[in-house]
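Thank you all for coming; I would like to take a few minutes to walk through one protein model with you. Please have the sequence and the structure open while I talk.

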Amino acid sequence: MSLDNVKLSIKNLDLFYGDNQALKDINIDIKDGELVSLLGVSGCGKSTTLQLIAGLINPDSGDIIFNDKSVLNTPTGKRDAVIVFQDYLLFPHMSVYENIEFGLKMKNINKKIRKDKVKELIKLVKLNGYENKYPSELSGGQKQRVAIARTLAINPKVLLLDEPFSNLDINLRNEMREFV
């Protein structure tokens, strides 16, 4: 499974929460195929920056550019930038299989292709036998693996990770990092 390469640029990004300036003049250029980590103390704006890129929140000024085209007016669902949070955000009424399949269904992917992709991802994240379980029946690490598989299923152009491996044991954490 390969992600389409995309150039990502953030230009002069500012964000305010009321009178509090959360981000000031953020500028980042990420080339095709680069892996970039945002490091900093809690509350410095790492997660906020990811949410801006994904389109979950809008900046007060500046621009977010994919392949030399602004995406500020592109709806979240059409940006093809997906974020995996530390909190799992699974659909509680859907099984593991259904959670992973969800994005593929929304993209109207053929049922056979969906089935094959979901089976591949379930195997990859080591959840064989859990296909019919619901989030309430899973451990934290299992929920996180479902969230990662659900995101990877749709092959986003931009994959944003907000501490998604923190709830996994060290061996699985290393495996998931290598996979991603």
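I will begin with the overall dimensions, go on to the strands and the helix they help to cover, and end with two phenylalanines.

What you have in front of you is a predicted model, and every value I quote should be heard with that in mind. The protein has 180 residues and a radius of gyration of 17 Å, which agrees with the value near 16 Å that a compact globule of this length would have. Along the principal axes, the C-alpha trace spans about 50 × 35 × 30 Å. Of the residues, 38% count as buried, and the accessible surface comes to about 10400 Å², with 48% of that area belonging to carbon and sulfur atoms. As for the charges, there are 25 positive and 23 negative ones, and their mean positions lie 7 Å apart.

Turning to the secondary structure, the model contains 6 helices and 6 strands, and if you read from the N terminus, the elements follow one another as β-β-α-β-β-α-β-α-α-α-β-α. If we take the contacts between residues at least 6 apart in sequence, 64% of them join residues that are at least 24 apart.

Let me now take the sheet. Four strands make an open sheet in the order β2-β1-β3-β4, and the pairing in it is antiparallel. The edges are formed by β2, residues 20-30, and by β4, each of which pairs on one side only. Going across the sheet from the β2 edge, β1 and β2 are joined by 7 bridges, and within that pair Ile10 has Ile28 of β2 as its bridge partner. The next pair is β1, residues 8-17, with β3, residues 61-66, where 5 bridges hold the antiparallel arrangement, and where Lys11 is partnered by Asp63 in β3. Finally, β3 and β4, the latter covering residues 69-70, share 2 bridges, with Phe66 standing opposite Lys69. These two strands form a hairpin with 2 residues between them, and Asn67 in the turn has a positive phi of about 50 degrees.

There is also a parallel pair to look at. Strands β5 and β6 run in the parallel sense and are paired over 4 bridges; Val82 stands opposite Leu159 in β6, and Ile83 stands opposite Leu160. Are the side chains of β5 that point in opposite directions buried or exposed? Ala81 and Ile83 point one way and Val82 and Val84 the other, and all of them are buried. In β6 the side chains alternate, with Val158 and Leu160 on one face and buried, whereas Leu159 and Leu161 point to the other face and are not buried.

Which elements, then, help to cover the buried residues of α1? In this helix, residues 46-54, the buried positions are Thr48, Thr49, Leu50, Leu52, Ile53 and Ala54. Their cover includes β1, β2 and β3, and also α2 at residues 76-79, β5 at 81-84 and β6 at 158-161. Just after the helix comes Gly55, which takes a positive phi of about 90 degrees.

I would like to close with two phenylalanines. The first one I have chosen, Phe16, sits in strand β1, and its relative accessible area is 37%; because that value lies between the 20% limit for buried and the 50% limit for exposed, Phe16 is classed as partly exposed. Apart from neighbours within four places in sequence, Phe16 is in contact with Gln21, Ala22 and Asp60. Its C-alpha atom is separated by 40 Å from that of Ile122, which lies 106 residues away along the chain.

The other one, Phe102, belongs to helix α3, residues 96-106. With 26% relative accessibility, and with buried meaning under 20%, Phe102 therefore also counts as partly exposed. Again leaving aside neighbours within four places in sequence, the contacts of Phe102 are with Phe91 and Met94. Between the C-alpha atoms of Phe102 and Tyr17, which are 85 residues apart along the chain, the separation is 33 Å.

That is the end of my walk through the model, and I am glad to take questions.

Definitions and conventions
Residues are numbered from 1 along each chain as its sequence is written. This is a predicted model: local features need pLDDT of at least 70, side-chain atom pairs count only at pLDDT 80 or more; totals for chains, interfaces and linings use all residues. Side-chain values use heavy atoms; hydrogens and water are left out. The radius of gyration is taken over C-alpha atoms; the globule rule is 2.2 Å times the number of residues to the power 0.38. Buried means under 20% relative accessible area, exposed over 50%, partly exposed in between (1.4 Å probe, protein chains only). Contact means heavy atoms within 4.5 Å. Accessible areas come from the Shrake-Rupley method with a 1.4 Å probe; for residues, only the protein chains shown count as cover. Lys and Arg count as positive and Asp and Glu as negative; His and the chain ends are not counted. The place of a charge is taken as NZ of Lys, CZ of Arg, CG of Asp or CD of Glu. Two strands pair if DSSP finds at least two bridges between them.
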